[in-house]
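Grab a viewer and work through these short exercises. Each one sets a task and then walks through a solution.

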Amino acid sequence: MDNPDFVMETYDHKIPAGFPAMSIPADNQLTAERVELGRTLFYDKQLSRDSSVSCATCHLVNKGMADNNIKSIGIDNLVGIRNVPTLSNIGYHPYLFREGGNPTLEAQVFGPIDSPEEMGFTVREAVDRLKTQQYYDNMAEITYGRDFDEYVLSRAIASFERILISGDAPYDEWTRGDESAMTASAKRGMVLFFDTLNCDGCHTGFDFTAYEVVNNGSHVTYDDPGKMNLTMNSQDRGKFKVLTLRNVEVTGPYMHDGSFATLSDVIDNYSAGGSGHPNQDSRITPFSINTQEKSDLIEFLHALTDPIFLSNPEFE
């Protein structure tokens, strides 16, 4: 490195109470400098062919690091193939993308850049564009001790994404002992969620998901084959990763294709027992709730909205 005496500052990775430690690769431990470089890259539109789209174009802080489009919008206003998933707590995910086909945060960085409908570039071209710029040249040396390249690009963005932790919703405050943090309606909805309807069969744990890849019965037929893209097994048609419910109030529309506009629509589909697709997960069965109970359930889902996450200056 240019300055052998330079010591990077360890990043203060704030893990909320009740959350497990995050597994981080040995070659990409978090430092303040790596997070800062990743943040800059995340917001840099030069990663797209026409410099019109950045990672942040589709992942907006005030939308829970998602957006409100039915499907992603890329360069030249091209419509992508899927709805944008939230990046809330993405550092905990064991695999990425809707069908679970990408093994690490570092590897997933390349997907949107190479996608014709998203950034419409190649990683090689993006690196060639950025590596001649003094900021990126200097920061690559400081953070990873090498010239700016694909390794630096992917690991820096992954470092930034690992700080996108959401764990300060009213529900979290309630679990920590603040009885006033949730409304009476939300508390009733919580009982429905956990005890009556067993929603936590799929949306479980601290992140309200076990990250399973399942067919949730959202459609009778699936234009997008989901996990079948990877396995070529027809029994995997329509299987997509169960997303976190954190900040779900602001991340609609819902499902892999954005086909359900509201949380009410989602609940209606589940209460009907799903579409009955042959691959539908067996845990999805019909249930009946009245208008008040539905309102309470939605109120509980709103209690998973983290106001600190949605306005965190560290994410911008």
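**Exercise 1. Find the salt-bridge partner of R188 and work out what the pair connects**.

Solution. Keep in mind that this is a predicted model. Step one: look around the R188 side chain, where D296 forms a salt bridge with it, the closest N and O atoms being 2.9 Å apart. Step two: place both ends. R188 sits in helix α9 (residues 184–196) and D296 in helix α12, so the bridge ties together parts that are 108 residues apart in sequence. Step three: check the exposure of each end. R188 has 42% relative accessibility and counts as partly exposed, while D296, at 3%, counts as buried.

**Exercise 2. Are the ends of the R176 and D168 bridge buried or partly exposed**?

Solution. Start with the contact itself: the two side chains meet in a salt bridge at 3.2 Å, N to O. Now apply the cut-off: a residue is buried under 20% relative accessible area and exposed over 50%. R176 comes out at 35%, so it is partly exposed. D168 has 27%, so it is partly exposed too.

**Exercise 3. Look at other salt bridges in the chain, then put them in the context of its charges**.

Solution. Take D236 first: its side chain meets that of K239 in a salt bridge (3.4 Å, N to O). D236 is buried, with a relative accessible area of 9%. Next, go to R124, which is linked with D128, K131 and E150 in a network of salt bridges. The full count comes to 20 salt bridges. As for the charges, there are 25 positive and 47 negative side chains, and the centres of the two sets lie 3 Å apart.

**Exercise 4. Which residues of helix α11 are buried, and what do they pack against**?

Solution. Run along α11 (residues 263–271) and pick out the buried positions: L263, V266, I267, N269 and S271. These pack against α12 (291–302), the helix that also holds D296. Then step past the end of α11 to G273, whose phi is positive, near 85°.

**Exercise 5. Why does the radius of gyration of the protein chain agree with a compact globule**?

Solution. Begin with the inventory: 12 helices and 2 strands, in the order α-α-α-α-α-α-α-α-α-β-α-β-α-α. For 316 residues, a compact globule would have a radius of gyration near 20 Å, and the chain has 20 Å, so the two agree. To round off the picture, 52% of the residues count as buried. Among contacts between residues at least 6 apart in sequence, 66% join residues at least 24 apart.

Terms used:
Residues are numbered from 1 along each chain as its sequence is written. This is a predicted model: local features need pLDDT of at least 70, side-chain atom pairs count only at pLDDT 80 or more; totals for chains, interfaces and linings use all residues. Side-chain values use heavy atoms; hydrogens and water are left out. Helices (H or I, at least four residues) and strands (E, at least two) are DSSP runs, numbered from the N terminus. The radius of gyration is taken over C-alpha atoms; the globule rule is 2.2 Å times the number of residues to the power 0.38. Buried means under 20% relative accessible area, exposed over 50%, partly exposed in between (1.4 Å probe, protein chains only). Contact means heavy atoms within 4.5 Å. Lys and Arg count as positive and Asp and Glu as negative; His and the chain ends are not counted. The place of a charge is taken as NZ of Lys, CZ of Arg, CG of Asp or CD of Glu. A salt bridge is a side-chain nitrogen of Lys or Arg within 4 Å of a carboxyl oxygen of Asp or Glu.
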